[in-house]
Structure formats: structure tokens, C-alpha cells
Amino acid sequence: MHSYPDARSVVRHLSPDEPVILNRPHAAARGARFFVEKFPGTVMYAVKANPSPDLIRILWDQGVTHFDVASIAEVRLVRELLPEAKLCFMHPVKTASAVREAYFAHGVRTFSLDTHEELAKIVGATSNEAGEAAQDLNLLVRLRVSSEHSELSLASKFGVDLVDAASLLQATRQHCDALGICFHVGSQAMTPFAYVQALERVRAAIADAAVTVDIIDVGGGFPSSYPGMEPPPLEDYFALIHRHFEALPISYSAELWAEPGRALCAEYSSIIVKVEKRRGDELYINDGAYGALFDAAHVEWRFPVNALEDDLTQPLEEFAFYGPTCDDADYMKGPFMLPADIQAGDYIEIGMLGAYGAAMKTRFNGFGAGEVLVVEDEPMASLYRGDRVDPRVSDNVVSLR
Ligand SMILES: Cc1ncc(COP(=O)(O)O)c(C=O)c1O
């Protein structure tokens, strides 16, 4: 793939009419190395955050060997790319046929669950033709934990409540080789105490159930850096998780796992969009709620922006965006800080879209086409480079919190 120095050079050379995704392989590789070297356990990439085959290979090359897959399509995708990878099917609600195919065709041995029904489904679907149960399953019971320290809650849909956890852990112990407990503190956890609190709940669950636990999986939730959302260093998260993991009453050989999605890929991608129209402080751009900017529209996520024109001289002002489709809902409140003299025909780079951004593009209304290119410059913010949000961006950011 042809690579460019940065977004401005892409605009100069291509003057693109469609949005262009810009990937930074060096940024993803740096994040993966950081996790592999510093997280005190096994790092499992949550493929849903960005299933790009290029990205998955970059992570593998840097030593990420485990992948959290949430659907049979993700199982097939990663297995085809990486025959040696360890795949863990961490969606607590699966079809029996997906479990069967994952186990028998793709070598998946690790599954999560949060009900007795799902346990029975997994045991049934992995039994052989003679009806004999598999002896080599790693089963992780997903515990419901609080999302209060996170920007996006994952506390409602999945997870067994503490009061029901003991019986599920005891039942699961009967059917597995290794028993684990997993949880998710919610995405973009803004303090490491989210994990401390969750690990305290794990401690209570283990004490209640009085079973031997072999795996503690602290899930995803590790943050990235966005305007108004600048987290503490990831080393602080790792240190507290390690300390509280070590203090749990678990098997002497118990393993610590994590499932980062966002933190491993947010810095990987940005997007160039073109302003098609200006109406006061609203810019009509050519990507939006149904494209890579799903979170900007649906959960009012603030992404960093840079105008790519050299001739804009006025100070920054607050703008909102409309996307290209005919929906009123294709609206991104922002505010996004851009030069006051920006106008139709100008280009903007929107950063930190590697996680749950580039991966969410749809073709709704006929939009969503566009090139993917590689650029060599730094992402607009990085947790792995020693500094945080790009000062060009952070100086002008108004926090929503
Ligand atoms: C089971 C599971 N693991 C990991 C992740 C990744 O989370 P994050 O991107 O917050 O790290 C998710 C995200 O939804 C998830 O559902």
C-alpha cells in the first residue's frame, strides 16, 4: 500500500471527494509492544474493536497471541489469518452451532458464559458423537461489575450477579479443565480503581463459591486519550491490577488475562473528511453517524480534529457536524474546535478513530466508500509516546465533563 507522510500530503496529492481512512501501523505496533511487555499477564486483543486483517497481523507480529472473538465470523477471520493464534470465544450468548464449529473446526477451547443455560449449551455442543463431554474446556464465568468509572457502560447486558455467582461457578467447575472469572468494567475506564473494585467482587464470588479458580480475566476497558478524557498512565492500571490479583485466594498457578480493544487500536486510524457545506456553526461533512463517526453521533464522543488547509487564519471556534446521509440523526454535537473561516471545500482530519470507528462504517444511503491509506506521522494523541493529547488539539478543547 502506498504510504504518505501525513494527512496534508494526502489532500495535496489526491483532493479526495470521499472520506479517506489513514492507518498508522507504527502506532498500533507500539501500543501492542507496550501491553505485551508491561501487562503482568496474557494480553488478548478484543477483535470487535477493529477487525482489520492488517491490524490483527501487526498485533501478532508484536507478540499478541490471544484473541477475544465474539462471533463465529470473527473466529473464522482470525483463524484464517493466524493458524497458530489462541482464540477465546468471550461472548456470553452464543449459538450452539457457533460453539460446535469453534470447538471442532477451529480449535477454540475457551468460552465465557453467564447462565446455567449457556453452560449446558457449551457442554452439549462440545461433546463428541458418543455423547462424551469435552475434557479440555477453559470456561470463564462473566461476573457483572460496575461501570461507574467508565465512559461507556457494559454493566447491564451481560454478567451474573454476585448473589447467583456461587452456584454457577460450582456448576461450571464440574465441566472444565480450567475455571476462570471474567468481567468488563465498561469501555474507557478513567481510573484504575474500576479494576480494584471489580477484583473485590471477584474475591467475594470466590469466597462464596469455595472453588479453585485458574484464570482471572480483567476484560477490556483500558482507555485511550481523547479531548476531555485524558486517563492516568496505563502503568498505574497494570500495577494496581497486579497487586489485587496477587492478593486473591486463587490457585497457585492461576493466570491473569486482559482483553484490551480500544487501547490497542484507537491510535491506529484517523479519517480525512471534506466539508460539503457550512451553515453557521454547523459543518456538513462526508462521513458521520453511519460511517466511522458512529460514536461521535450516538454517544457524543469527542474526537480530536485538525483543519488541513494552510490558508485558514482565524482563531478556533466551536462547530457541530452533520454527516452525509439524509437523517437528522446523522448529527455530531461536538463541539469540534476549528478555524472560524473554515468553509465548504476544506478538509479536516479527525483523529483517534482506530477503535470502534473505522470498523463501524456502513454503506447506508450509498455512502461509506473511500480509500484506506497508510501515513507515517504520529497519531493526534498517544498513551505510548510519553506525552498525551497533541497540544495543538488540547489547548483548544472544551471538556464536556
Ligand atoms: C467481552 C469484551 N471484551 C473486551 C472488550 C473490549 O473492550 P475495550 O475496547 O473497552 O477495551 C469488549 C468490548 O465491548 C467486550 O465486550
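**Group meeting: the ligand site and other spaces**

Hi everyone, let's start right at the ligand: a backbone N or O atom of glycine 221 lies 2.9 Å from one of the ligand's oxygen atoms. I count that as a polar contact, meaning a pair of N or O atoms within 3.5 Å. What you see is a predicted model, where local features need pLDDT of at least 70 and side-chain atom pairs need 80 or more, while totals for chains, interfaces and linings use all residues. Residues are numbered from 1 along each chain as its sequence is written, and side-chain values use heavy atoms, without hydrogens and water.

Two side chains also reach ligand oxygens. Serine 187 has a polar side-chain atom 2.5 Å from a ligand oxygen atom, and for histidine 184 the corresponding distance is 2.9 Å. How much of the ligand's 400 Å² of accessible area does the protein cover? The answer is 91% of the area that the ligand has on its own, using the Shrake-Rupley method with a 1.4 Å probe.

Please have a look at the shell next. Fifteen residues surround the ligand, and His184, Ser187, Glu259, Arg262 and Tyr356 come nearest; a residue counts as near with a heavy atom within 4 Å. By class the shell is evenly split: five nonpolar, five polar and five charged. Here Ala, Val, Leu, Ile, Met, Phe, Trp, Tyr, Cys and Pro are nonpolar, Asp, Glu, Lys and Arg are charged, and the others, Gly among them, are polar.

Where does the ligand sit? In the largest pocket, by the rule that more than half of its atoms lie within 2 Å of the grid points. That pocket has a volume of about 660 Å³, taken as the space filled by probe spheres set on the points. On a 1 Å grid over the protein atoms alone, a pocket is an open set with protein on both sides within 12 Å along at least five of seven lines, a cavity is a set where a 1.4 Å probe fits but cannot get out, and lining residues have an atom within 4 Å of a point.

The largest pocket has 30 lining residues, with Lys48, Arg142, Leu154, His184 and Tyr356 nearest its centre. Helix α11, residues 294-298, gives the most to this lining, with three residues; helices are DSSP runs (H or I) of at least four residues, and strands (E) of at least two. The lining divides into 14 nonpolar, nine polar and seven charged residues.

Now for the cavities: there are two of 30 Å³ or more. The largest cavity holds about 70 Å³, and of its 15 lining residues, Gly288, Tyr290, Gly291, Pro324 and Phe367 are closest to the centre. The second largest holds about 30 Å³, and among its lining residues are Arg24, Glu267, Ser270 and Met380. That lining comprises four nonpolar, three polar and three charged residues.

Finally, two backbone details. Most residues other than glycine have a negative phi, and most peptide bonds are trans. Serine 15, in the loop between α1 (7-14) and β2 (20-23), has a positive phi of about 35°. The peptide bond from glycine 334 to proline 335 is cis, with omega near 5°, and proline 335 belongs to strand β17, residues 331-339. Thanks, everyone!

Conventions:
A polar contact is a pair of N or O atoms within 3.5 Å; within protein, one must be able to donate a hydrogen and the other to accept it, and residues adjacent in sequence count only if both atoms are side-chain atoms.
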